[in-house]
Amino acid sequence: MQNVINYRREFHKYPETSWNEIRTSARIIEILTEIGVPEILFGEDVVDISLLKSPIDLSKKTREANMQRAVSQGANQKTAEQTDGYPGVIGIIDTGKPGPIFALRFDIDCLPYDEFCEAGYRPFDEQYISVVPGCVHACGHDAHAAIGLGLAREIMTHREDYYGKIKLIFQPAEEGNFGALSIVSKGHLDDVDRFLAIHLALSAENEPLPSHTLCCGVKDFMSCQQLDVTFHGRAAHPCGAAQEGKNALLACCSAALNLHSIAMHEKGLGRVNVGMIHGGDCTNTICPECTIGLEFRGQYREITEYFKRRVFDILDGTSRQYDLNYTYVDHGENPAGCSDDTMMHIVQEEAAEIPWFSHIYYEGNLGGTDDAAAMLNRVQEHGGIGSYIGIGCDVTAPLHNPKFDFDETCMEPTVALLARILKRK
């Protein structure tokens, strides 16, 4: 148990945002090597970098800076350099005995803002608060990575109890773009029979899961497509030649309000959100260019297509209304997904054997997006099964809040649960 807590607190202290997780990756490689995992893939052997595009920056300069930072924060220099600045690790354990090929996903990235930093907050009081400005583990990925390492140690300690082949996937960029898709594209899920992902602090019956509970799977994944939309107007003086100007800032504001007015779809979950707006030069100049960052999500393809159509109706209408043009960058789509009942029943049976889980919900609520669905979908396409498990834990604040912390006692029983599932032939 203490090893898992120590791993989690180390990752919490040194968080890294999407596609910058080089210290985390290097430390995972070091720990898996120490544990004795026989095959460890990393860098370009794990992620398909051909998928990545702007604004993801994996230039040589950025990669070298990340490797240098990782070493300054305690990573082994040789290991960090072996990654060549590309994050992501897969540990593969072939038991040599007949059995299924199992893959488990553990995401490793953090969120891009500062952590709460005051007395009374446990990470501050116990000195594992984030030391990286603008980076915080506020979604439990530090725990997910630690659980994956705890599971690796458990498997290698009792290797004779397991069957088939086990892939432990430590995935970058769940909070960003192309994290899971870059691993799927490399073919790492193509031969997998069974798949699992975990996430702390989900819900069931639309209530947060407290400690000593879990849900065996979720079926309400939503797809998520993100766009950066730039309206191109014309600068002018707001008094001297206002009629010559075309205000891109007003176009962005109008579009944002109208996007948030799109009606929901009766057939399932859907969301639209404008999360960013950037533009303007100075107060006495009509804004010539302005950008909004938006996303739309849908539980089913029909809902996603509905939102996509309405989003572009609004962008086209705004462009005509303000007599300007727009361009956009499409950051791709994370797909929807659905856990399999067969795997959920397995989770239910094994969780019942672990005393810490005193209340087991069969189906839980995600109500959002996780790119683990891309891995789950690929396994299902090839006839496999999988589930996305919600681990209950008492928390200090909601997910994605700078004050998020959780009951660490949930990690050891989660390792035990995953180990039990892996032992099934």
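**Exercise 1.** Which residue in E4 stands opposite isoleucine 101?

*Solution.* The model is predicted: local features need pLDDT of at least 70, side-chain atom pairs count only at pLDDT 80 or more, and totals for chains, interfaces and linings use all residues. Residues are numbered from 1 along each chain as its sequence is written, and side-chain values use heavy atoms, without hydrogens and water.

Step 1. Helices (H or I, at least four residues) and strands (E, at least two) are DSSP runs, numbered from the N terminus. Two strands pair if DSSP finds at least two bridges between them.

Step 2. Strand E3 (residues 101-107) runs parallel to its partner, strand E4 (residues 165-171), and the pairing has seven bridges.

Step 3. In E4, lysine 165 is the residue opposite isoleucine 101.

**Exercise 2.** Give the strand order of the open sheet and explain what is special about E1 and E13.

*Solution.* Step 1. The eight strands follow the order E1-E2-E4-E3-E5-E14-E8-E13, and the pairing is mixed.

Step 2. E1 (39-42) and E13 (359-361) are at the edges; each has a single partner strand, so one side of each lacks a neighbour in the sheet.

Step 3. On average, neighbouring strands are turned by 20 degrees against each other, direction ignored. For angles, axes are lines fitted to C-alpha atoms, for helices over the stretch in contact, and values run from 0 to 180 degrees between N-to-C directions.

**Exercise 3.** Describe how H10 and H12 are placed on the strands.

*Solution.* Step 1. Helix H10 (residues 341-351) packs on the sheet, touching E3, E5 (194-200), E8 (213-215), E13 and E14 (385-391). Contact means heavy atoms within 4.5 Å.

Step 2. The direction of H10 makes about 45 degrees with that of E14.

Step 3. Helix H12 (residues 411-422) lies across E3, E4, E5, E8 and E14, and runs at about 160 degrees to E3.

**Exercise 4.** Explain why H11 is described as largely enclosed.

*Solution.* Step 1. Buried means under 20% relative accessible area, exposed over 50%, and partly exposed in between (1.4 Å probe, protein chains only).

Step 2. Helix H11 (residues 372-381) has ten residues, of which seven are buried, so the rest of the structure largely encloses this helix.

Step 3. The seven are Ala372, Ala373, Ala374, Met375, Leu376, Asn377 and Val379. They pack against E3, E4, helix H7 (179-185), E5 and E14.

Step 4. After H11 comes glycine 383, with a positive phi near 90 degrees.

**Exercise 5.** Characterise the aromatic pair of phenylalanine 221 and tyrosine 388.

*Solution.* Step 1. Rings of Phe, Tyr and Trp (its six-membered ring) pair if their centres lie within 6.5 Å; planes under 30 degrees apart count as stacked, over 60 as edge-to-face and the rest as tilted. The structure holds eight such pairs.

Step 2. Phenylalanine 221 and tyrosine 388 are edge-to-face, with 5.0 Å centre to centre and 70 degrees between the planes.

Step 3. Phenylalanine 221 is in the loop between E8 and strand E9 (223-232), tyrosine 388 is in E14, and the two are 167 residues apart. Both are buried.

**Exercise 6.** Is histidine 188 buried or exposed, and what does its side chain reach?

*Solution.* Step 1. Histidine 188 lies in the loop between H7 and E5.

Step 2. Its relative accessibility is 11%, so histidine 188 counts as buried.

Step 3. The side chain of histidine 188 reaches the backbone oxygen of aspartate 45 at 2.8 Å.

Step 4. Not counting residues up to four places away in sequence, histidine 188 touches Leu41, Asp45, Val46, Ile90, Lys167 and Ile183.

Key: A polar contact is a pair of N or O atoms within 3.5 Å; within protein, one must be able to donate a hydrogen and the other to accept it, and residues adjacent in sequence count only if both atoms are side-chain atoms.
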